[in-house]
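This report is written for a reader with the coordinates open. Please look over the model before reading on.

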Amino acid sequence: MSTSTHVRPEHLGVIAQHPSVRKLAMVALALGGFGIGTTEFVAMGLLPEMASSLGITEPTAGHVISAYALGVVVGAPLIAALTARVPRKTLLIALMAAFTIGNAATVFAPNYGVLMAARFVAGLPHGAYFGVAALVAAHLADRGQRARAVALVMMGLSVANVVGVPVASWLGQTLGWRSAFALVAVIGVVTLGAIWSWVPALAAMRMSNPLTELGALRRAQVWMTLIIGMVGFGGMFAVYTYISTTLTDVAGLSRSLVPLALMIYGLGMVAGNLIGGRLADRALIPGLFVSMTALGVLLGIFVIASHNPYTALLLVFFVGAAGASMVPGLQTRLMDVAADAQTLAASLNHAALNIANAFGAWIGGVVIAAGYGYTAPAAVGALLAVAGLVVLTVAVAMERRSARSSR
């Protein structure tokens, strides 16, 4: 494994003497995740307002979510490969600046077409930011705590669903959906200042080059891990994309309580993120099996539980926890199997998750439009989680076979 995921010997003394440097750096990185998580998920709760404002249907408004996800998918590999020689701190600042510009453009988009383009641009730096931030966190972490360090960075994404998304949703419902993205742009500016001030120069982190990074695409285990994320998370996003209407029309929840439901989902993500980091550090592969099995079972239960507001909210928490618990493990797994192409592999993790986002939104819309109702996405999601478990099983079998043949 590349030493770039650990604290280098010559760097260890500096970090050990200044633990506050590490803590502030983690806060700055997590703050970026907070902004990204807010902009990614708030649109799902504001689809009715966006559709009404732009004079389009809610399923059509859902395409802005796919546009953002497409930006992540396109931007993650391109940016990670082309910026391989750029110092990590400089790259983080540039990525957050692009993110802020994309969200500011969303605020001022005059029509649906421009809005789609703005969301695509806002999504471009998403995957690369999380990929680089995860590597920086792992670089600063103590040995044996890589996944927990990655989980701390991802904590910003989880906390976004507790604080950022509900606040932005309330703001969007009260002052118009554009105000929600204005808040995100402000968070982006604050993050820029935090990264500039708190993240160290990271001179000890080894640089790569585009050809080396592209080498990740030749590794079968990298692809298998990405497929696990794409398939396994698709079901969760199929449910979450239409969670607002599901809770109001199926569970009978008041529209004013939707931000509370999003907060509950976020609390689940926080819990799952912390649990997932510890599981991954203790037993990476078994931890992934546990998380994906739990997600499949909970999505299946949600089909029935969604008919009651209390059980629906309870399952929203546990679905968020199960889904989030997979992320640190998948991120760490990619760093393990990517060898010297870790930036691209780590960035591709979030591209894979956003393919799952786009796919989940699409398949959820398909089954709803087909007349199966708003509980159907959860049923499809449970099947997708099972498919993810099958892919994980095949990947582990392939790895073991390869290890035996190399002896």
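The sections below cover the basis of the values, two kinked helices, the nonpolar cores, ring pairs, salt bridges and two single residues.

## Basis

The model is predicted: local features need pLDDT of at least 70, side-chain atom pairs count only at pLDDT 80 or more, and totals for chains, interfaces and linings use all residues. Residues are numbered from 1 along each chain as its sequence is written, and side-chain values use heavy atoms, with hydrogens and water left out.

## Two kinked helices

Helices are DSSP runs of H or I with at least four residues, numbered from the N terminus. The expected span of a helix is 1.5 Å times one less than its number of residues.

Helix α5 covers residues 63–82, 20 residues in total. Its first and last C-alpha atoms are 28 Å apart, close to the expected 28 Å. The helix has a kink of about 30 degrees at Gly75, shortly before Pro77. Here the bend at a residue is the angle between axes fitted to the seven residues ending there and the seven starting there. Gly75 is also one of the buried residues of α5. Others include Val64, Ile65, Tyr68, Val72 and Ala76. Buried means under 20% relative accessible area, exposed over 50%, and partly exposed in between (1.4 Å probe, protein chains only).

Helix α12 has 22 residues and should span 32 Å; its end C-alpha atoms are 31 Å apart, which agrees. A kink of about 35 degrees is centred on Gly234. The helix is mostly covered, with 19 of its 22 residues buried.

## Nonpolar cores

A nonpolar core is a set of buried Ala, Val, Leu, Ile, Met, Phe, Trp, Tyr and Cys residues joined through side-chain atoms within 4.5 Å. The largest one has 102 residues. Which residues have the most contacts inside it? They are Tyr129 and Phe233.

Contact means heavy atoms within 4.5 Å. Leaving aside neighbours within four places in sequence, Tyr129 is in contact with ten residues' worth of listed partners, among them Ala28, Leu29, Ile36, Leu92, Met96 and Ile195. A second, separate core of 15 residues includes Ala216, Leu226, Met230 and Ala352.

## Ring pairs

Rings of Phe, Tyr and Trp (its six-membered ring) pair if their centres lie within 6.5 Å; planes under 30 degrees apart count as stacked, over 60 as edge-to-face and the rest as tilted. The count comes to 9 aromatic pairs. Tyr242 and Tyr374 are edge-to-face, because their ring centres are 6.5 Å apart and their planes stand at 65 degrees. Tyr242 lies in the loop between α12 and α13, and Tyr374 in the loop between α17 and α18, so the pair ties together parts 132 residues apart in sequence. Tyr242 is buried at 8% relative accessible area. Tyr374 is partly exposed at 26%.

Phe233 appears here too: ring pairs link Phe41, Phe233, Phe237, Tyr240 and Tyr265 into a cluster.

## Salt bridges

How many salt bridges does the structure hold? There are 3. The rule asks for a side-chain nitrogen of Lys or Arg within 4 Å of a carboxyl oxygen of Asp or Glu.

Glu49 and Arg255 meet at 3.0 Å, N to O. Glu49 is in helix α3 and Arg255 in the loop between α13 and α14, so this bridge ties together parts 206 residues apart in sequence. Glu49 is partly exposed at 22%, and Arg255 is partly exposed at 26%. Arg148 and Asp281 form another bridge, with their closest N and O atoms 3.0 Å apart. That pair links helix α9 to helix α14 across 133 residues. The bridge between Arg333 and Glu399 is 3.2 Å, N to O. Arg333 is in helix α16 and Glu399 in helix α18, so parts 66 residues apart are tied together. Arg333 is buried at 8%, whereas Glu399 is partly exposed at 31%.

## Two single residues

Ser169 is found in helix α9. Is Ser169 buried or exposed? At 1% relative accessibility, Ser169 counts as buried. Not counting residues up to four places away in sequence, Ser169 touches Val42, Leu46, Pro259 and Leu262.

Ala105 lies in helix α6. Ala105 is partly exposed at 34% relative accessibility. Its C-alpha atom is 5.6 Å from that of Ala118, 13 residues away along the chain.
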